[in-house]
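Colleague: I have a few "how do you know" questions about this model, if you have a minute. Could we go through them with the structure on screen?
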Amino acid sequence: MSEHPVSAKGTGGVSRRRFLAGTGSLLGAAALAGQTAPAHADTGLAAIPHSPLPAGSHVRALVIGTGYGGSVAALRLARAGVAVHMVEMGMTWDTPGADGKVFANTTTPDYRSFWLRTRTKQPLSNFLGFPLDKDVPRHTGILDAEDFAGITVYQGRGVGGGSLVNGGMAVTPRRENFAAILPTVDAGEMYSTYYPRANAGLGVTSVDPAWWESAACYQYARVGRKHAQRSGFPFVFVPNVYDWEYMKQEAAGAVPKSALDGEVIYGNNHGKKTLQKTYLAQAAATGRVSVSALHKVTSVTPAPSGGYTVAVDQIDTTGVTLASKTVTADKVFFAAGSVGTSKLLTRLKATGALPALNGEIGKGWGDNGNVMCGRANHMWDPTGKLQSAMPTAGIDNWDAGGAFAEVAPLPTGIETYASFYLSITKTPHRAEFTWNPATGKVDLSWDRAWKQTSIDAAKTIFDKINAKEGTIYRTDLFGAYKIWGDHLTYHPLGGAVLGMATDNHGRLHGYTGLYVIDGALIPGNASVNPFVTITALAERNIERIVAEDF
Ligand code: FAE
């Protein structure tokens, strides 16, 4: 595959050179586009009690991580009368910075934006040939760009996990695809009970189609639809967890802007129903759930008196360890995300803390086939300088070409004439986490070359659209003359796969009272964006665990 732009033939007289010349001055505008939202911090965050566990305490159920799996577990256990303590390495995200906001926006990342980095590592690293990354103070920021040898894995950090940083796209996979996603799970009960329960719990709704048709902030999506349909691809609306009434008021200028101020991957100050506003708020309302934020679990091992000893490091906002504590728990739920859970279990098995874990630990990890690209539209096809950061639609070519492409925003605040896409593709490649005693770290055997399968799948959509529209790929978003964002994933899945490392409900083989309940259970590919499936699977598993194990 060529890394160079395809021919500019047929671009309606706008050559690539002229296109760049015509928009080059806009880079300055992007850089200068300052913050316009008023200093206001009506975040609506739930008051889940932050009460760090004292060393030596004992808890009935300890949940590692506060993302989707952890939040479902906490709510359902608490509703069943079980006291739950959640341990989260990230911050609580309930305190505004000097600008009056809890979170920074996409165009202006700052110390709040990245997890313990001194330089940003933005998913779109370049624009019109210029690198975008910049130095920032090292801080326990919200987005972790975790580097492994062949891939950078983006993850949310803080109370709410990935819900703090994601695009809110809440997609239930097509039922005919489900058997390939979770082969050991009864699809009938997932689609009749657990997907509906997850969608209700997450507050998933759909955009008002009449408003969408006329809203300036979705012009980019309408252009995406036009191009998809003109090439004969199914264009599908996708539900989201954003509060659409709030977004309408943002568009009307009646409330502080959030999705319409480019807020997404570094957090949303308003409008998005993160887990803090849904599952965790309900868990807090039971009075049985508390959380230790800025606490990182480092070990879990059987306690002499039964249950488990859990070692936890308390860190400050520069990542320095303030205290190391041990607590005990009757039962421990691994909900640290696909990477967090897999890394912990791989290390604990290899170093003798949990030697009876089986040989499936660390295996079956995939990137959900993620690959990004942009297309350069004609000047008569502007995508809008105001773009809602919340995606609403996708192009479904899964059956014919193995790709489902999210029509993604590029919320720069300027007209870019770009269409931008995150494709989820069918890919057979699976990597394994292994313990490296020489470095004292867990490695991941991902091979960058495997992304070619995903690129080929994405090309089944975009080569055709480009040919039809007479347009070209953008080559300026991921480096100089680089078309594909093939170095990353937003959707890590697997590493402690359901029915392999665990039984068919997430109980870890080898130990009674240890569970996996997050994206680590899903073997590498969900055919769509994954958090609804992670939530629904957690709902299914915790129902059984509460009934049989407590
Ligand atoms: P996750 O939400 O990652 O939660 C794990 C939590 O555990 C985190 O808060 C960690 O800080 C914490 N943790 C990790 N290790 C430790 C430890 N040792 N001790 C204590 N705490 C720990 O896990 N998915 C969609 O379906 N739709 C989207 O639109 C979408 N957009 C995305 C955009 C971005 C930029 C990113 C990064 C992801 C996106 N995702 C999206 C993926 C989605 O957020 C992700 O699949 C889920 O958050 C995974 O849920 P888990 O419960 O597995």
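Modeller: Happy to; this is a predicted model. Let's begin with the open sheet of three strands, which has the order 5-6-19 and mixed pairing.

Colleague: Why are strand 5 (143-147) and strand 19 (488-489) said to stand at the edges?

Modeller: Each of them has a single partner strand, so one side of each lacks a neighbour in the sheet.

Colleague: And what makes strand 5 and strand 6 a pair?

Modeller: Pairing takes at least two bridges between the strands. Strand 5 and strand 6 are joined by five and run antiparallel, so they meet that definition. As for an individual bridge, glutamate 146 has valine 153 of strand 6 as its partner.

Colleague: There is another open sheet, with six strands in the order 7-13-14-15-12-18. Which strands stand at its edges?

Modeller: Strand 7 (235-237) and strand 18 (472-473) do, because each has a single partner strand. The pairing in this sheet is antiparallel.

Colleague: How do you know that strand 13 and strand 14 pair?

Modeller: Count the bridges: residues 393-397 and residues 403-408 pair over four of them, and the definition asks for at least two. Within that pair, aspartate 396 is opposite phenylalanine 404 of strand 14.

Colleague: On to the ligand. What makes the approach of arginine 157 a polar contact?

Modeller: The cut-off for a pair of N or O atoms is 3.5 Å. A polar side-chain atom of arginine 157 is 3.2 Å from a ligand oxygen atom, so the pair qualifies. Backbone atoms take part too: a polar one of valine 297 lies 3.0 Å from a ligand nitrogen atom, and a polar one of proline 530 lies 3.2 Å from a ligand oxygen atom.

Colleague: How much of the ligand's accessible area does the protein cover?

Modeller: On its own the ligand has 1,000 Å², and the protein covers 96% of that. Elements giving two or more residues to the shell are helix 3 (68-79), strand 6 (152-156), strand 9 (295-302) and helix 13 (531-549).

Colleague: Which residues come nearest to the ligand?

Modeller: Of the 36 around the ligand, they are Glu88, Gly162, Met169, Gly519 and Phe531. By type, the shell holds 15 nonpolar, 17 polar and four charged residues.

Colleague: Finally, where does pLDDT stay under 50?

Modeller: Over residues 1-44. For the protein, the mean pLDDT is 92, with 91% of residues at 70 or more.

Conventions:
Residues numbered from 1 in each chain as written. Predicted model: local features only at pLDDT ≥ 70, side-chain atom pairs only at ≥ 80, totals over all residues. Heavy atoms only, no water. pLDDT = per-residue confidence, 0-100. Contact = heavy atoms within 4.5 Å. Near = heavy atom within 4 Å. Polar contact = N/O pair within 3.5 Å; in protein donor to acceptor, adjacent residues only side chain to side chain. Areas by Shrake-Rupley, 256 points an atom, 1.4 Å probe, with all protein chains shown as cover. Helix = DSSP H or I, 4+ residues; strand = E, 2+ residues; numbered from the N terminus. Nonpolar A, V, L, I, M, F, W, Y, C, P; charged D, E, K, R; others polar.
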